[in-house]
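This report introduces one protein structure to a reader who has not seen it before. Please look over the sequence and the model first.

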Amino acid sequence: MILFALEAYREMAAVLEKATGFTPGCSRAARFENRELYIDVQPRVAKEDCFILGSIGPPDEHLLLALLLAHTLKKEGAHRVTAIFPYLAYARHDKNKPGESLATAWVGMLAQASGIDQIITIDVHSERARKLFPIPVVSLSPAEIFAAAFRRCSLQGVTIVAPDEGALRRCRAVQAAMGATNGEIPYFEKHRTEAGITHSGPIGRVNRQVLIIDDILDTGGTVISACEKLAQAGVEEISIAVTHGLFTGDRWKKLWQLGVKRIFSTDSVALPAVLEGNIVQLSITPLLEKELCLLATI
């Protein structure tokens, strides 16, 4: 089994190779003078199971590189190509609205056409998104990783809150990982308007310390609206845990003014070099290591 890593994930790949015994793959991407991409790979991959670790998130060059690498591996005779995309970008474009693109399905078709047989990701955005992919998508839950971090920070007694009904599944998984299975999980009803995201709630009882759990923190619109409602409800201290911390723009920084003490985020996406506030980054490497070791035994 051979593991190829795109640039931002090479350090993670080195750890995985050491833990799993996978052979390191070498790929070189460059451009011709006319700016067209090309890739070459080593070693020989004929009849081998190959894995690609990387991102298809913006800039769009990441998507093109991952797809071209997969196509090259299949052209060279790889038996099977598995793409490990810790953050499955475009998975939020999963609603079939008249006149709008359905990018989740488009990316799935591109992946299949490029020779990818299977995708492994962390916490896929929705079951609807998974079903739009014409190839299997294995979604690994970060619940145990979060639970361990919360225990280290003595957050066992906080109220777990879902910022919308779609996040309830993630909240229940973390709650179970922390050893509680029947506790009520307050949640918000989310509404999208021309002015932005608003919330109704919280529906359920919250104490003065809460923990919001969601899959993505992008510009922060969803959690900002939820935190404003929590502050109005008398909550004094808020922690946030997200699988994928994108931290786009500056709007999300308003969270620090709304009682947020810390934000937990996995390293599924490389964090910007400079971020304000108390951000705790958690490694997904053990989660991927476990899955790859399992695949190596099949």
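The text below covers the sheet, two helices and the cysteines of this predicted model.

**Sheet**

Six strands make up an open sheet with parallel pairing, in the order S2-S1-S5-S6-S7-S8. Strand S2 (23-24) and strand S8 (137-140) are at the edges; each has a single partner strand, so one side of each has no neighbour in the sheet. Strand S6 (residues 80-84) is joined to strand S7 (residues 118-122) by three bridges in the parallel sense. Thr82 has Gln118 in S7 as its bridge partner.

**Helices**

Helix H2 (residues 61-75) lies across strand S1 (2-5), strand S5 (49-53) and S6, and runs at about 170° to S5.

Helix H6 spans residues 168-177, and its buried residues are Leu168, Arg170, Cys171, Val174, Gln175 and Ala177. These buried residues pack against helix H5 (143-152), strand S9 (159-161), strand S10 (187-193) and strand S12 (209-217). Just after H6 comes Gly179, with a positive phi of about 95°.

**Cysteines**

A disulfide is a covalent bond between the sulfur atoms of two cysteines. The count of disulfides here is zero. Two cysteines are set out below.

| Cysteine | Closest cysteine sulfur | Distance | Relative accessible area |
|---|---|---|---|
| Cys26 | Cys50 | 13 Å | 44%, partly exposed |
| Cys171 | Cys227 | 13 Å | 0%, buried |

Why does Cys26 form no bond with Cys50? The sulfur of Cys50 is the closest cysteine sulfur to that of Cys26, but at 13 Å it is too far for a bond, because the cut-off for a disulfide is within 2.5 Å. Cys171 is likewise in no disulfide.

Notes
Residues are numbered from 1 along each chain as its sequence is written. This is a predicted model: local features need pLDDT of at least 70, side-chain atom pairs count only at pLDDT 80 or more; totals for chains, interfaces and linings use all residues. Side-chain values use heavy atoms; hydrogens and water are left out. Buried means under 20% relative accessible area, exposed over 50%, partly exposed in between (1.4 Å probe, protein chains only). Helices (H or I, at least four residues) and strands (E, at least two) are DSSP runs, numbered from the N terminus. Contact means heavy atoms within 4.5 Å. Two strands pair if DSSP finds at least two bridges between them. Axes are lines fitted to C-alpha atoms, for helices over the stretch in contact, and angles run from 0 to 180 degrees between N-to-C directions.
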